[in-house]
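Hi,

Here is the structure I promised to pass on. Have a look first, and then read my notes below.

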Amino acid sequence: MNDLATHLRQLEEKLFDPTIRSSAQAIAGLLSPDFREIGSSGRFWDFDQTLEALPREKPDRGVTSGTDFQLKLLAEGVALLTYQSVHTRSDGSERKTLRSSIWRLEDDGNWRMVFHQGTLAA
């Protein structure tokens with residue numbers, strides 16, 4: 001399970017990368033076509049909306065990192081990854097978010113995210 005935890009963490013962290021976030025093709029490789037998200041803003045996103053919105057984001061030149069990653073297998077080929085992200089803006093201020101993602105092993109042998117939720121942390 002440690003190998004899976006490491007692998008899913010690496011996939012999750014790709015979504016922190018502005019280069020990945022600016023490419024609809026790269027995002028599509030990480031998200032399942034039936035992907036859903038409840039963002040920290042409270043907004044609901046589906047796969048198509050995410051592919052359209054992320055490449056249009058204006059980066060604030062900050063850095064996002066994750067801590068306290070924990071993995072729980074929910075079923076064969078389905079895993080829950082939880083962690084806290086910290087986005088440090090270029091002015092030094094931080095935004096902390098509690099995050100949970102459900103990853104599924106797809107028919108092509110790749111793990112893809114099917115659900116994500118972010119909740120702003122105090």
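Let me start with D68: at 58% relative accessibility, this residue counts as exposed, because the cut-off for that is over 50%. D68 sits in strand β3, which covers residues 63-75. Its phi is near 55°, a positive value in a residue other than glycine, so do look at the backbone there.

Before you go further, keep in mind that this is a predicted model. The mean pLDDT of the chain is 93, with 98% of its residues at 70 or more. Among the elements, β1 has the highest mean pLDDT, at 97, and α2 the lowest, at 90.

Now for the core. The largest nonpolar core has 21 residues, and L8, L31, W103 and W111 are the ones with the most contacts inside it. At least two of its residues come from each of α1 (2-14), α3 (24-30), β1, α4, β3, β4 and β6. That fits a broader trend: in soluble globular proteins, nonpolar side chains tend to be buried together. L8 is a handy place to start, since leaving aside neighbours within four places in sequence, L8 is in contact with L71, A79, L81, W103 and W111.

From L8 you can step across to S101, in strand β5. The two are 93 residues apart in sequence, yet their C-alpha atoms are 9.7 Å apart in space. S101 has a relative accessible area of 0%, so it counts as buried. Beyond four places in sequence, its contacts are E12, A79, L80, L81, M113, F115 and H116.

T97 is in strand β5 too (residues 94-105), and its relative accessible area of 0% makes it buried. With neighbours up to four places away left out, T97 touches S40, Y83, Q84, S85, G118, T119, L120 and A121.

What does G77 touch, not counting residues up to four places away in sequence? The list is W103, R104, L105 and W111. G77 is found in the loop between β3 and β4, and its C-alpha atom is 5.6 Å from that of R104, 27 residues away along the chain. With a relative accessible area of 16%, G77 is buried, because the limit is under 20%.

I20, in helix α2, falls under that limit as well: its relative accessible area is 19%, so it is buried. Setting aside neighbours within four places in sequence, I20 is in contact with K14, A26, I27 and L30. I20 and L30 are 10 residues apart in sequence and 9.7 Å apart from C-alpha to C-alpha.

Last, the pocket. The largest one has a volume of about 950 Å³. It is lined by 35 residues, and R21, L54, E57, R95 and R99 are the closest to its centre. By class, the lining has 14 nonpolar, 12 polar and 9 charged residues. Elements that each supply at least two lining residues are α2 (18-21), β1 (31-38), α4 (47-53), β3, β4 (78-88), β5 and β6 (111-120).

If you open just two views, I'd pick the pocket around R21, L54, E57, R95 and R99, and the core around L8, L31, W103 and W111.

Cheers

Methods:
Residues numbered from 1 in each chain as written. Predicted model: local features only at pLDDT ≥ 70, side-chain atom pairs only at ≥ 80, totals over all residues. Heavy atoms only, no water. Helix = DSSP H or I, 4+ residues; strand = E, 2+ residues; numbered from the N terminus. Buried < 20%, exposed > 50% of the residue type's maximum accessible area, 1.4 Å probe, protein only. Contact = heavy atoms within 4.5 Å. 1 Å grid on protein atoms, 1.4 Å probe; cavity = no way out; pocket = protein on both sides within 12 Å on 5 of 7 lines; lining within 4 Å. Points joined across faces, edges and corners; volume = space filled by probe spheres on them. Nonpolar A, V, L, I, M, F, W, Y, C, P; charged D, E, K, R; others polar. Core = buried A, V, L, I, M, F, W, Y, C linked by side-chain atoms within 4.5 Å. pLDDT = per-residue confidence, 0-100.
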